[in-house]
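Hello,

Here is the structure I promised to pass on to you. Have a look at it first, and then read my notes below.

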Amino acid sequence: MTAPATAFARVADEEVAFLGTDPIPAAPYHDPDWYAAERQAIFLKDWIQIGHICELPAAGNFLRRDLEFAKASLLIVRARDGVIRAFHNVCTHRGTQLVEEAQGKAATFSCPYHRWTFGTDGALISAPDFEQFHVSKADCTLPQVALAVCAGLIFVSFAPDPPPLRDWLGDLAERLEALPVARATQFSEYVYDIDANWKLTYDNFQENYHLRFIHPRTGLATLSPDNPFGYPLRYGFHGQHRTQTIWSNPQPQVKPMQAVGFGRGYAAAMARALVGGDHDRDYFALFPNFFLLGTPAQHFSHVVYPVSATRSRGVIRIYWVGDDSSASERFAREHAMATARDIHAEDRAVIEAGQRGLSSGALTHIHFQTQEALCRHLYKGVRDAVEAWRAEGVA
Ligand code: FES
Ligand SMILES: [Fe+2]
């Protein structure tokens, strides 16, 4: 005989009433003019997550990040002084891209064209026959982009003078810093391109309404008779950011492969959240395009970067603290990433089908129910930002 499941109560209409109930315009999910406004109002202004400090453990470590929404290539470098900075990956002589590798370690960066050479702090160190120029080396420093770190997560902003990252994150900053992601030393990564608007792609991860239809196999653990859609326990709204507490089935079904893989270690692995467990799971969505799903042992993060109005690039990572301590832990980590990929593969086709429908222009509006409140909240944040930017342009 099985024990009764914990009583579940869905989030009530009144708790999300402040978001309204009106249909949502469809154009922001496919219109190039709307996307052009989003780039200016949001993506070239706000803090955007682009990496983790564990990728830059030592002086000279660098990352190149090409960001289509900004039409920019960035060079993120930990300098000899230990500080991580972001520069445009652009030689100040005549604009050649300095670095081709996606990541590496270097003491200096030399331009392939005429060998201007820059330090890890962005300063121009040497340039052949520099006496022939009519400018000082001090005026040839690599153009810098604002960079800040919270909970080990690296954010950049293309705004000339952005607010401090901690002000932007508000009360979520401290909560994020208490999570294991702040101490992560490595991660598994999965990058994908998708023919869908960034909000449509992101919203798929903000609602559980689709679980029983799209993930009948992989999503079993999140469904139960009193919560047949696997809805969350709570939503939280923090300015433009939002949180939810994912409900976990107190009687999750153990997949046969998991049982075989862990054997008698399964209970211990569950306790450490390596294979899912009965603890609450917190989801932190940072405006505009980042979320982190935290469990005590692993952290799943997802960033959806827009490429165009109808194309996006997603970066999914699972962060880990320390090396594997046993074969079971190795298995657990691989299994966690493989599961994430499997689930995402199930989502992908339906997201692209949604984009084809929206791009046809057949709909003027779409609809969000109460349990899609996070999608509505994202749209509201985007709409408010675009309207504020347009008003500034008119003023
Ligand atoms: S363009 Fe870089 S050295 Fe000339
Ligand atoms: Fe899904």
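I began with the aromatic rings: the count comes to 22 aromatic pairs, where rings of Phe, Tyr and Trp (its six-membered ring) pair if their centres lie within 6.5 Å, and planes under 30 degrees apart are stacked, over 60 edge-to-face and the rest tilted. One of them joins Phe8 and Trp247, edge-to-face, at 5.8 Å centre to centre and 65 degrees between the planes. Phe8 comes in the segment before strand S1 and Trp247 in the loop between strand S14 and helix H6, so this pair ties together parts 239 residues apart in sequence (helices, H or I of at least four residues, and strands, E of at least two, are DSSP runs numbered from the N terminus).

This is a predicted model: local features need pLDDT of at least 70 and side-chain atom pairs 80 or more, while totals for chains, interfaces and linings use all residues. Residues are numbered from 1 along each chain as written, chains are lettered from A and ligands numbered from 1 in written order, and side-chain values use heavy atoms, without hydrogens and water.

Now for the metal. The iron ion (ligand 2) has as protein donors His210 (NE2), His215 (NE2) and Asp347 (OD, listed twice), 2.0 to 2.5 Å from it; donors are N, O and S atoms within 2.8 Å of the metal (3.2 Å for Na, K and Ca), and sites may look incomplete because water is not among the atoms. Their spacing along the chain is H-x4-H-x131-D.

Happy exploring!
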